[in-house]
Amino acid sequence: MAKAENTSKPEGADEIAELKPLDTKQKAAIVVVSLGADKASQIYKYLNEQDIEDLTFEVAKMGKTTNAQVEGALDEFYKLCLTHKMMTDGGLEYARDVLEKAFGESTARSLLEKVSKTLQSRPFNFFMKGDPKALLSLLQHERPQVIALIMSYMDAEQAAKVLEQLPETKRIPTVEAMANMDRVSPEAIAIVEEEMKRKFATIITSEDNMNLGGIDFVADIMNNVDRSSERRIFEELDKTNPDLCQSIKDKMFVFENILDMDDRSVQRFIRDCDAKDVVFALKNASEEMKSLFFSNMSKRMAETVKGDLETTTNVRLKDVEEAQQRIVNIIRSLEEAGEVIISKGGDEQDVFL
């Protein structure tokens, strides 16, 4: 009698079968799920519609995953983020040297290739690691439309530094050009890149139309500009284009917007403010603003601030503006933490962040 064939699977066979290689989209889905909804939503803000659709589809169809697959995807994601930062901050050779010492030559080469493709997909990427003074010396002689296009590829903080230092005659036209920019064709970008190639020895192609500039982008920049420059820019812009000036203000939060905050929110941010900043900030404030502050302080604090306002003299406008900016920064931080409510002009309802 023939011996019955053993058809049972070896122990652990199912787990081994599950360890098949994952493609890039599947790895991205694992990272997104591992991060959780709140952090994943922050990543989604930087993706285009097609990427969001593809990633959401992968997340939706993702089945059971092993610990090894999750750890592998997260480890690769971490290494890619680390590589990206080293390349943008320290350059290719620096990144290669560190990665080879940390992970070996083969892994370092693979990481650098992947990140290089990502960096090269973004036009004007060389600005990301450029010295602000050097960038300004190159940009200040360009046409406002060209400056606006290039600044639209920068992050808001970097763009704000450039805008602050632009010649007065270029600032307002550049702001207007950025605010009125919508979708830029690959042909237009290619023309600018060709011009920049001669000056920066860099040219990067763009395959798709990009959403650039816009009022929201300018408002984000203005939120990062120092108070003094912000005031001058708005004063000039209000003369040449008052409607645009108001539209930008409607998208951002400035010291004067404190008047639109509810009492509980005012009480909350005052608790985190330095008393000296409150005194300086109210030095040239309207009576309405002072009244709002005093009514939301303790009686003792209000009396102290009023007394300091009377005795504090010869305060520079720059010091007043810097104090106001520090208070605004506190409010923005509290808003992001969901501890205060701010209402920006043009909003139909309060915004929670």
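A residue counts as buried when its relative accessible area is under 20%. In this predicted model, buried residues make up 39% of the 353 residues in the protein. The secondary structure consists of 20 helices and two strands. Among contacts between residues at least 6 apart in sequence, 73% join residues at least 24 apart.

Two pairs of helices show how such elements are placed against each other. One pair is helix H13, residues 215–224, and helix H15, residues 242–250; their axes come within 8 Å and cross at roughly 70°. Since angles of 65 to 115 degrees count as roughly perpendicular, that crossing makes H13 roughly perpendicular to H15. The crossing of H13 past H15 is right-handed. On the H13 side, the residues that meet H15 are Ile215, Val218, Ala219 and Met222. Their counterparts in H15 are Leu244, Ser247 and Ile248.

The other pair is helix H9, residues 144–151, and helix H11, residues 168–180. Their axes also come within 8 Å, and the crossing angle is roughly 55°. H9 and H11 are therefore oblique to each other. H9 passes H11 in a right-handed crossing. From H9, the residues taking part are Pro144, Gln145, Ile147, Ala148 and Met151. In H11 they meet Lys170, Pro173, Thr174, Ala177 and Met178.

Aromatic rings give another way into the structure. A pair of aromatic rings is described by the distance of the centres and the angle of the planes. Over the whole structure, a search finds two aromatic pairs. In the pair of Phe269 and Phe293, the ring centres are 5.8 Å apart and the planes stand at 75°, so the pair is edge-to-face. This pair links distant parts of the chain, with Phe269 in helix H16 (residues 263–272) and Phe293 in helix H18 (residues 287–295), 24 residues apart. Phe269 and Phe293 are both buried. Ring pairs join Phe255, Phe269 and Phe293 into a cluster.

Phe255 also leads to Ala281, a residue of helix H17 (residues 275–281). Leaving aside neighbours within four places in sequence, Ala281 is in contact with Phe255, Val320, Ala323, Gln324 and Ile327. Ala281 has 0% relative accessibility and so counts as buried. Arg326 is 45 residues from Ala281 in sequence, while the C-alpha atoms of the two are 9.2 Å apart in space.

Two other phenylalanine rings have a lysine over the face. Lys79 lies over the face of Phe103, at 4.6 Å from the ring centre. Lys306 is placed over the face of Phe294, and here the distance to the ring centre is 4.9 Å.

The last stop is Asn314, in the loop between helix H19 (299–311) and helix H20 (317–336). Its phi angle is near 55°, a positive value in a residue other than glycine. The relative accessibility of Asn314 is 76%, so this residue counts as exposed.

Key: Residues numbered from 1 in each chain as written. Predicted model: local features only at pLDDT ≥ 70, side-chain atom pairs only at ≥ 80, totals over all residues. Heavy atoms only, no water. Phe/Tyr/Trp six-rings, centres within 6.5 Å; stacked < 30°, edge-to-face > 60°. Helix = DSSP H or I, 4+ residues; strand = E, 2+ residues; numbered from the N terminus. Buried < 20%, exposed > 50% of the residue type's maximum accessible area, 1.4 Å probe, protein only. Lys NZ or Arg CZ within 6 Å of the ring centre and 35° of its normal. Axes fitted to C-alpha atoms, helices over the stretch in contact; angles between N-to-C directions. Parallel < 35°, antiparallel > 145°, perpendicular 65-115°, else oblique. Left-handed = near helix turned anticlockwise from the far one by under 90°. Contact = heavy atoms within 4.5 Å.
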